[in-house]
Structures are given as C-alpha cells and as structure tokens.
Amino acid sequence: MKDKTKKITYTAILLALTLVFQSLRNIIPQGMDQYIIGSLVNACLIISAIIVGMGGGIAISVIAPLVALLQGEIAFPILVPFVAIGNSVIVIVVALLYDKNKYLALSLGTILKFLVLYIMIVYMAIPIITPKLPPEKAKKVTSLLSLKFSWPQLVTAAIGSIIAISIVPAITKANREQ
C-alpha cells in the first residue's frame, strides 16, 4: 500500500473509531461519559498525530465536535470551533514534537489543549452565550461550561496520551511488517 493511501486509510479508521467512541454516550452513565469518551477521543487524536500526521489529526479534530453537536453533547453551536481548536492544539504539538521527545510532546500537548480550551471557553464563548440567556440560566451555563472545559480536559488528554503510547508501538510494528 502506498504511503498516501495508508495515511488516508489510517485517518478513516481513526475517524471511525472516534465516532464510535462518541456514540457510546448512549450507554455510558452520565458523569462518567466525559472521562471515558474524552479519553478515547483524545487517544485517537494523539494516535492520528503520531501515525498520520497533522493533516489527518486536524481533520478528526474538526469533525469530532461537529458530530458531538449533532448528538446533542455540545449544546451551543458556538462551542464547535473552540473545541476543534483545542483538539487541533494537541494534534499539532504531538505531531511536531513526538519524534524528538514523546513525553514532552504528550505532556505539552495535554497542558496546552487544556489551557487553550479553558481560556477560549471562559473568556470568549461564555461571554458570547450568556448575555442572551435569563440570569439564572446564564449562571448555570457559566458554571457547567467552566467546569466541563477545565480540569476534566487535562485528565482526559492525559489518559488519552497513556492509551496512545500504549497502542502506537503495535501500529508501528504492524506497519514495518507490511
């Protein structure tokens, strides 16, 4: 299989896995779903950055929040680009640094994704969303989004990193054997 065909195939497989994982929302108890699904989606993003590169990883980074919006997981459409950017941050950092130092790439990618998402949601998205809501609902939305896009993002990206570095060697070995 040619390299370009291989990359497209891996991107399609990782996108399909991402979408399957996002569909688990229907069977995973609420409260645990963000941690399980978020970790699995982050693992797919990181694996794509390592195996496929930036292009495929960014494609998955953009498609995943669009699907989450269609599934009703993302309540406000304005959040989609912010989540896509946050996802893209971890992909870009890992794609650029993994071959130099995988632990630095994963750590820095995890921290930067968390920071970028939190700052964009709290300082950009919430001020756009809440003025249009009644005060009591605005307070609840602010609280919910501030929590959902804070430390849980750090946790799920870290777990996704652990999952990814556990799986990548097997994928790399399978590629060499072809």
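Here are some questions and answers about this predicted model.

Me: Before we start, what kind of model is this, and what pLDDT do local features need?
Reply: Residues are numbered from 1 along each chain as its sequence is written, and side-chain values use heavy atoms, with hydrogens and water left out. It's a predicted model, where totals for chains, interfaces and linings use all residues, side-chain atom pairs count only at pLDDT 80 or more, and local features need pLDDT of at least 70.

Me: How many salt bridges does the count come to?
Reply: A salt bridge here is a side-chain nitrogen of Lys or Arg within 4 Å of a carboxyl oxygen of Asp or Glu. One of them joins R25 and E73, at 3.3 Å from N to O. By this rule, the count is two.

Me: How many residues apart are R25 and E73?
Reply: Helices are DSSP runs (H or I, at least four residues), numbered from the N terminus. R25 sits in the loop between α1 (3–23) and α2 (33–51), while E73 sits in the loop between α3 (54–70) and α4 (79–97). So the pair links distant parts of the chain, and the separation is 48 residues.

Me: Is R25 buried, exposed or partly exposed?
Reply: Buried means under 20% relative accessible area, exposed means over 50%, and partly exposed is in between (1.4 Å probe, protein chains only). R25 has 21% relative accessibility, so R25 counts as partly exposed.

Me: Which residues are joined into one network by salt bridges that share partners?
Reply: The side chains of E73 and K148 meet in a salt bridge of 2.6 Å, N to O. That pair also links distant parts of the chain, with K148 in helix α6 (residues 135–148), 75 residues from E73. Through shared partners, the network takes in R25, E73 and K148.

Me: How far apart are the end C-alpha atoms of α6?
Reply: The expected span of a helix is 1.5 Å times one less than its number of residues. With 14 residues, α6 should span 20 Å. The end C-alpha atoms agree with that, as they are apart by 20 Å.

Me: Why do the buried residues of α6 line one face of the helix?
Reply: A138, V141 and L145 are buried in α6. An α-helix has 3.6 residues a turn, so residues three or four places apart point the same way. The arc is taken from the directions from the helix axis to the C-beta atoms. Seen down the axis of α6, the buried residues line one face because they fall within an arc of 65°.

Me: Which exposed residues does the face of α6 turned away from its buried side carry?
Reply: The buried residues of α6 have cover that includes α4 and α5 (102–129). On the face turned away from that buried side, the exposed residues are E136, K139, K140 and L144.

Me: What is the area of the nonpolar surface patch that L104 helps make?
Reply: L104 is in helix α5, and at 45% relative accessibility it counts as partly exposed. The patch is made by L104, L108, I111, L112, L115, I119, Y123 and M124. Patch residues have over 30% relative accessible area and no salt bridge, with like charges joined within 9 Å and nonpolar side chains (Val, Leu, Ile, Met, Phe, Trp, Tyr) within 5 Å. By the Shrake-Rupley method with a 1.4 Å probe, where only the protein chains shown count as cover for residues, the patch comes to about 710 Å².

Me: Which residues does S88 touch, not counting those up to four places away in sequence?
Reply: S88 lies in helix α4 and is buried, with a relative accessible area of 11%. Contact means heavy atoms within 4.5 Å. Leaving out residues up to four places away in sequence, S88 touches I58 and S61.

Me: How far apart in space are G53 and A95, C-alpha to C-alpha?
Reply: G53 is in the loop between α2 and α3, and at 17% relative accessibility it counts as buried. G53 and A95 are 42 residues apart in sequence, yet in space, C-alpha to C-alpha, the distance is 5.7 Å.

Note on methods
Helices (H or I, at least four residues) and strands (E, at least two) are DSSP runs, numbered from the N terminus.
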